[in-house]
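The exercises below are meant to be worked through with the sequence and the structure side by side. Please try each task before reading the solution that follows it.

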Amino acid sequence: MKKSENHSPAQPFGLAHPTTDVAAASPLARDLAGLLTHEDVDRARDRWRVSRARWAERRSKIFGRFSVLWLLVGPGVLVFLGENDAPSMLSYSATGARFGIGFFIPFVVLTFAMGLVVQEMTVRLGAVTHRGHAELIFDRFGRFWGFFAMGDLMIGNFLTLVTEFIGIRAGLGFFGIRPVVAVGVGLAVVFAAITTGRYWTWERITMGLAIFNALFVPAAILAHPDWGAVGRSLVTWTPLPHGNSFDVLLLILADIGATVTPWMIFFQQSAVVDKGMQPRDIGAGRFDTTLGAVLAAAFGIAAILATVPLFHHGIDASQFEAAQFAEALEPRIGHVGAALFALGIFEAGIVAAIAIATSSAYAFGEVFHTGHSLNRPLRDAWPFYSTLLGSACAAAALVLIPHAPLEFIILIVNVIAVLAMPPALAFLLLLVNDREVMGDQVNGFWENAAAIAVTVVLICAGLGFGVATVIHMS
Amino acid sequence: MKRQLGSKVDDVKSSNAKTKIGEKAFEPDAGPAAKPDLKHPDVVLSLLEADQVVAAKQRMHFGQRKLSLGVRVLLWGLRIYVVAMLVIVLISAFQAIHSAR
């Protein structure tokens with residue numbers, strides 16, 4: 001195989017290409033034994049726990065299987081609950097306030113099903129290659145295309161990160177907390193999560209935070225939705241949205257386009273690698289991704305239902321921010337419901353900030369061949385952690401700067417994410433169909449049919465959303 | 001290139017995918033009392049795939065693929081689309097905010 005230009009010329013192990021042979025049984029074992037790192041040992045510890053759970057599975061089917069799944073869930077849940085970020089939850093809330101119960105309930109389910117098709121491919125890529133998405137793009141397509149992909153990712157991630165801190169500020173603003181304190185709390189949580197020096201601990205802390213996305217469920221229950229209407233809408237997709245057809249179309253396209261963003265592809269693949277998943281874990285990875293999609297869809301629908309009372313009272317919520325939503329909801333679902341809603345927005349911002357900053361750091365480390373694992377101590381992988389914290393600090397600082405162009409950022413962040421999606425999806429599909437990379441795990445006919453159909457829909461939605469936004473803004 | 005990549009990698013990948021590699025080496029029998037001594041390199045290596053070890057990953061890479069004309073046209077088309085749309089979006093957003101003020 002031809003080496004790409006950024007490869008080390010040295011091949012001290014005598015192999016010119018990667019192999020997924022088990023390390024102890026490979027001819028490299030003697031060389032590798034002297035070069036093991038802290039990261040390898042931590043990953044081996046995680047693998048041992050999976051082995052032990054598989055051993056238990058042979059003795060107790062239910063308990064053992066639960067243990068295996070418990071150990072292997074994480075990246076999929078995090079990526080989908082991370083995607084239920086502050087702007088997304090506000091978008092769902094605006095949908096509920098504007099259109100009530102109807103078409104958008106099943107539509108949200110459909111968008112997450114499409115997201116599931118895309119994210120499943122990243123699980124296979126990560127488990128088979130043990131490489132992050134950025135690294136694979138650089139390896140297989142070269143620096144030229146690699147830097148384009150990185151540019152899209154970094155710009156999109158930074159702008160999205162800013163909107164997460166806007167969400168954090170707005171969510172805590174409902175409780176009268178000053179912006180500087182709210183943003184400081186957000187940064188402190190991001191920092192606390194990474195100081196563990198263990199991927200496993202980081203993942204569990206972040207999942208623990210992510211589950212608070214469920215705060216929208218009690219908020220929805222307190223809104224006393226018509227559950228019969230919810231059931232009917234899921235089956236019949238009615239009533240259809242009405243009003244300004246251009247705005248409706250824009251919302252549909254935005255919802256489709258925002259289902260899968262480039263950071264999700266990069267993040268989940270890198271997290272699968274950092275977790276140490278292997279080809280035999282792909283089934284569990286699929287379960288993890290499906291679980292994440294189901295939870296995210298349920299919480300997204302809960303956000304829609306929580307704001308339906310605003311629809312019934314004819315309140316225009318199109319320009320609301322988090323605190324304004326909570327304040328408008330307070331007389332209708334009570335102080336507890338409104339507080340839950342505001343906390344939910346805060347949580348959504350925190351989890352997304354952690355996931356997106358980590359996604360940027362993974363990509364940076366993969367491209368510049370510096371340590372890029374949450375299993376590494378701070379001193380060993382300072383460029384990785386600096387990128388993670390630096391991007392979070394810069395985004396947080398921007399939110400606090402008086403007269404910063406936050407309005408401009410909010411306006412363009414979704415558009416940029418959507419615009420960057422078609423190339424990201426093209427790279428993903430090319431990689432997952434690359435037999436030299438994937439071996440037998442390449443997409444089959446039906447996987448390709450589903451993936452291409454979803455990709456075409458997402459690309460068309462992206463194109464449509466981009467064009468419509470431009471026309472709308474002009 | 002395919003011949004160089006060779007049957008070895010494909011074979012290994014396919015056998016991994018079907019988990020036909022010796023179960024004992026690939027997933028060591030980890031009984032409840034068998035807490036591993038991870039200070040021992042052999043134990044660590046028995047739990048990881050060769051390609052999972054950091055030192056191996058740093059030295060071995062997938063080579064660059066030859067891009068067909070179709071793929072190059074696709075990538076360039078998407079790149080031109082992104083840049084052109086980005087310029088239009090930025091200008092439109094500036095105008096929208098300016099006119100709102």
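**Exercise 1. Overall make-up of chain A**

How many helices and how many strands does chain A have? Work out as well how far burial and long-range contacts characterise the chain.

Solution. The model is a predicted one, with an ipTM of 0.81 and a pTM of 0.87. Counting the elements of chain A gives 20 helices and zero strands. Turning to burial, 58% of the 474 residues in chain A are buried. Among the contacts in chain A with a separation of 6 or more, 82% are made by residues 24 or more positions apart.

**Exercise 2. The two domains of chain A**

Identify the domains assigned to chain A, and describe the side of domain 1 of chain A that touches domain 2 of chain A.

Solution. The first step is to take the bounds from the domain assignment, which gives domain 1 as 22-72 and domain 2 as 77-473 of chain A. The C-alpha centres of domain 1 and domain 2 of chain A are 30 Å apart, and the contact between them takes nine residues from domain 1 of chain A and 15 residues from domain 2 of chain A. On the side of domain 1 of chain A, the elements that give two or more residues are α2 (38-59) and α3 (61-72) of chain A, and α2(A) gives the most, with six residues. The final step is to sort this side of domain 1 by class, which yields three nonpolar, one polar and five charged residues.

**Exercise 3. Two helices with contrasting cover**

Which of the two helices, α13(A) or α11(A), is mostly covered and which is hardly covered, and what follows each of them in the backbone?

Solution. Begin with helix α13 (residues 262-275) of chain A: at 1.5 Å a residue its 14 residues should span 20 Å, and because its end C-alpha atoms are 20 Å apart, the model agrees with that expectation. This helix α13(A) is mostly covered, since 14 of its 14 residues are buried, and just after α13(A) comes A:G276 with a positive phi of about 85°. Helix α11 (residues 227-236) of chain A, by contrast, is hardly covered, with one buried residue among its ten. Just after α11(A), A:W237 takes a positive phi of about 60°. Further along, the peptide bond from A:T238 to A:P239 is cis, with omega near -5°, and A:P239 lies in the loop between α11 and α12 (245-257) of chain A.

**Exercise 4. Two histidines with positive phi**

Is A:H130 buried or exposed, and how is A:H369 classed?

Solution. Both residues first need to be placed: A:H130 lies in the loop between α6 and α7 (133-173) of chain A, while A:H369 is found in the loop between α16 and α17 (382-400) of chain A. A:H130 has a positive phi of about 60° although it is not a glycine, and A:H369, likewise not a glycine, has a positive phi of about 55°. The neighbour counts then settle the classes: A:H130 is buried because 27 other C-beta atoms lie within 10 Å, whereas A:H369 is partly exposed because its count within 10 Å is 15.

**Exercise 5. The nonpolar cores and a buried methionine**

Which residues have the most contacts inside the largest nonpolar core, and which residues does A:M121 touch?

Solution. The largest nonpolar core has 162 residues, and those with the most contacts inside it are A:F165, A:A219, A:A306, A:F341 and A:A353. Helix α16 (residues 322-367) of chain A supplies the largest share of this core, 26 residues. Leaving aside neighbours within four places in sequence, A:F341 is in contact with A:A219, A:A306, A:F325, A:A326 and A:L329. A second, separate core of 13 residues includes A:L36, B:V44, B:L48 and B:V54. As for A:M121, this residue is found in helix α6 (residues 104-129) of chain A and is buried, because 25 other C-beta atoms lie within 10 Å. Not counting residues up to four places away in sequence, A:M121 touches A:L428, A:V432 and A:A451.

**Exercise 6. Confidence in chain B**

Where in chain B is confidence lowest, and where is it highest?

Solution. Start from the chain as a whole: chain B averages a pLDDT of 70, and 64% of the residues score at least 70. Confidence is lowest in helix α1 (residues 2-17) of chain B, at a mean of 37, and highest in helix α3 (residues 41-47) of chain B, at 86. Over residues 1-26 of chain B the pLDDT is below 50, and this stretch has 37 contacts in the model beyond near neighbours in sequence.

Terms used:
Residues are numbered from 1 along each chain as its sequence is written. Chains are lettered from A and ligands numbered from 1 in the order in which they are written. This is a predicted model: local features need pLDDT of at least 70, side-chain atom pairs count only at pLDDT 80 or more; totals for chains, interfaces and linings use all residues. Domain bounds come from an automatic or database domain assignment. Two residues are in contact if their C-beta atoms, placed from the backbone, lie within 7 Å. Helices (H or I, at least four residues) and strands (E, at least two) are DSSP runs, numbered from the N terminus. Ala, Val, Leu, Ile, Met, Phe, Trp, Tyr, Cys and Pro count as nonpolar, Asp, Glu, Lys and Arg as charged, and the others, Gly among them, as polar. A residue is buried if 20 or more other C-beta atoms lie within 10 Å of its own, exposed if 12 or fewer, and partly exposed in between; C-beta atoms are placed from the backbone. pLDDT is the predictor's confidence in each residue, from 0 to 100. The expected span of a helix is 1.5 Å times one less than its number of residues. A nonpolar core is a set of buried Ala, Val, Leu, Ile, Met, Phe, Trp, Tyr and Cys residues joined through C-beta atoms within 7 Å.
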